[in-house]
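Biologist: Could you walk me through how the labels on this structure were earned?
Modeller: Happily; let's have it in view before we start.

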Amino acid sequence: MSTQLKDRAWIEVRANALLANAEAIVASVGAEALLIPMVKADAYGLGLEQAVRQLERLNPWGFGVATAQEGVDLRALGVSRPVVVVSPLSPTAVDRAVAADLQIGVSSLEGLEAVVNASSRGSRKVGVHVEIDTGMGRAGFDWRSAAEWGPALKRVCETDVDWVGCYTHLHSADEGAAACHDQQVRFSQALDALQPPSGVLLHLLNSAGSMRLPEFGGGAVRPGIFLYGGSVGSGLPRPDAVVSVHARVVHIHDAMVNDTVGYGATHRAQAPSTWATLSIGYGDGLPRALGNRGAALVSGRRAPIVGRISMDVTVVDITGIGGVSVGDLATLIGTDGDKCITLDEVARLADTISYEVLTGFTPRLPRIWTGLDGC
Ligand SMILES: *Cc1c(COP(=O)(O)O)cnc(C)c1O
């Protein structure tokens, strides 16, 4: 491992934990459910290539992405399994998706028509997954009116494309079962009206749904955040921690009473203090909202972030933490000794969700994967 990667700030990604989390999903939904791990947004910011290398070990049915480019990237990595684009494609992206042999989620008859047009220029039929909107309200055919769109959809799906799947997306599986049940009933109603051929793959469970309502099953599941270490709701199994985020102590100084720190001078020393400057900032994706709220672990102790976070550096109060030197390791997410700052705690403190924290880390932070031996 080149030390250069660890000379300023970095993300450590534990391959074994990702694999263990994926296995926990499989254990919940049962081995007969097909696995479509979601690897959109560079595998939630952790690095597509390495994530896929790990997930391939579970022999997934395919992978889920949100954009044509992400599917093209998977093909460039040599992935030959089905790749499903679950988000609506802009009309200009359909040709690229078809050229890369991606399967396409369709939400409207016009969208389906665009796929048919693109596929008529190629030699094979394009795989299509029909999305049904059961309350998410961002994509899909309206579950109430399958009698209207169903016949035209079926005509096209059964002749001009390869009808691979039908799916819907749960909006509140992290919060409880009630809303999921409503959506499941709507999905079933739409399918009753539509009567897709028996080979069509049904899928509706994200991570939280896979843990909370595995009995909804369908033929396949689409887990994302749980694989990457984000919790999926109270009362549900917790994932193993996959990421930790580290920086270096690059400056230490003593502050006198009334000294201020950071833009806007929003923190003032109440007593003589010791402040350590860490080499990570919002330009690395550390949420700026953690200013005066978050903490770092230094020498196995919790050091509160003082003042606003800058683009490149963050200052923590290490008063009373002995033996800290420039060059020492600081942990923004992860464990140090018996102390721990979890991804979910950081998300909560920053008034956001683990997904946004993970995907917010910028390319400035190298992703250092560990435990990759043997694959
Ligand atoms: C992102 C996404 C998922 C995965 O959701 P998680 O909450 O990360 O498990 C599944 N399905 C669709 C359609 C998605 O967009």
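**Pocket and ligand in a predicted model**

Modeller: This is a predicted model. In the lining of the second largest pocket there are 7 nonpolar, 5 polar and 8 charged residues.

Biologist: Which residues of that lining lie nearest the pocket's centre?
Modeller: Val98, Asp101, Arg124, Lys125 and Val126 do, out of 20 lining residues. Helix H5 (residues 94–99) gives the largest share of the lining, 4 residues. The volume of this second largest pocket is about 240 Å³.

Biologist: What makes Asp101 count as charged and Val98 as nonpolar?
Modeller: Asp is in the charged class and Val in the nonpolar one, so Asp101 and Val98 are counted that way.

Biologist: Now the ligand: what makes the approach of Tyr44 a polar contact?
Modeller: An N or O atom in the Tyr44 side chain is 2.5 Å from a ligand oxygen. The cut-off for such a pair is 3.5 Å, so the pair counts as a polar contact. The side chain of Ser207 also has an N or O atom 2.5 Å from an oxygen of the ligand, so this pair passes as well.

Biologist: How do you know that Ile225 qualifies?
Modeller: A polar backbone atom of Ile225 is 2.8 Å from a ligand oxygen, and that is within 3.5 Å, so Ile225 qualifies too. The protein buries 94% of the 390 Å² that the ligand exposes when taken alone.

Biologist: How many residues surround the ligand?
Modeller: There are 13, with Lys40 and Tyr355 among the closest. By class, the shell has 6 nonpolar, 4 polar and 3 charged residues.

Notes: Residues are numbered from 1 along each chain as its sequence is written. This is a predicted model: local features need pLDDT of at least 70, side-chain atom pairs count only at pLDDT 80 or more; totals for chains, interfaces and linings use all residues. Side-chain values use heavy atoms; hydrogens and water are left out. On a 1 Å grid over the protein atoms alone, a cavity is a set of points where a 1.4 Å probe fits but cannot get out, and a pocket is an open set with protein on both sides within 12 Å along at least five of seven lines; lining residues have an atom within 4 Å of a point. Grid points are joined across faces, edges and corners, and a volume is the space filled by probe spheres set on the points. Helices (H or I, at least four residues) and strands (E, at least two) are DSSP runs, numbered from the N terminus. A residue is near a molecule or strand if one of its heavy atoms lies within 4 Å of it. A polar contact is a pair of N or O atoms within 3.5 Å; within protein, one must be able to donate a hydrogen and the other to accept it, and residues adjacent in sequence count only if both atoms are side-chain atoms. Accessible areas come from the Shrake-Rupley method with a 1.4 Å probe; for residues, only the protein chains shown count as cover.
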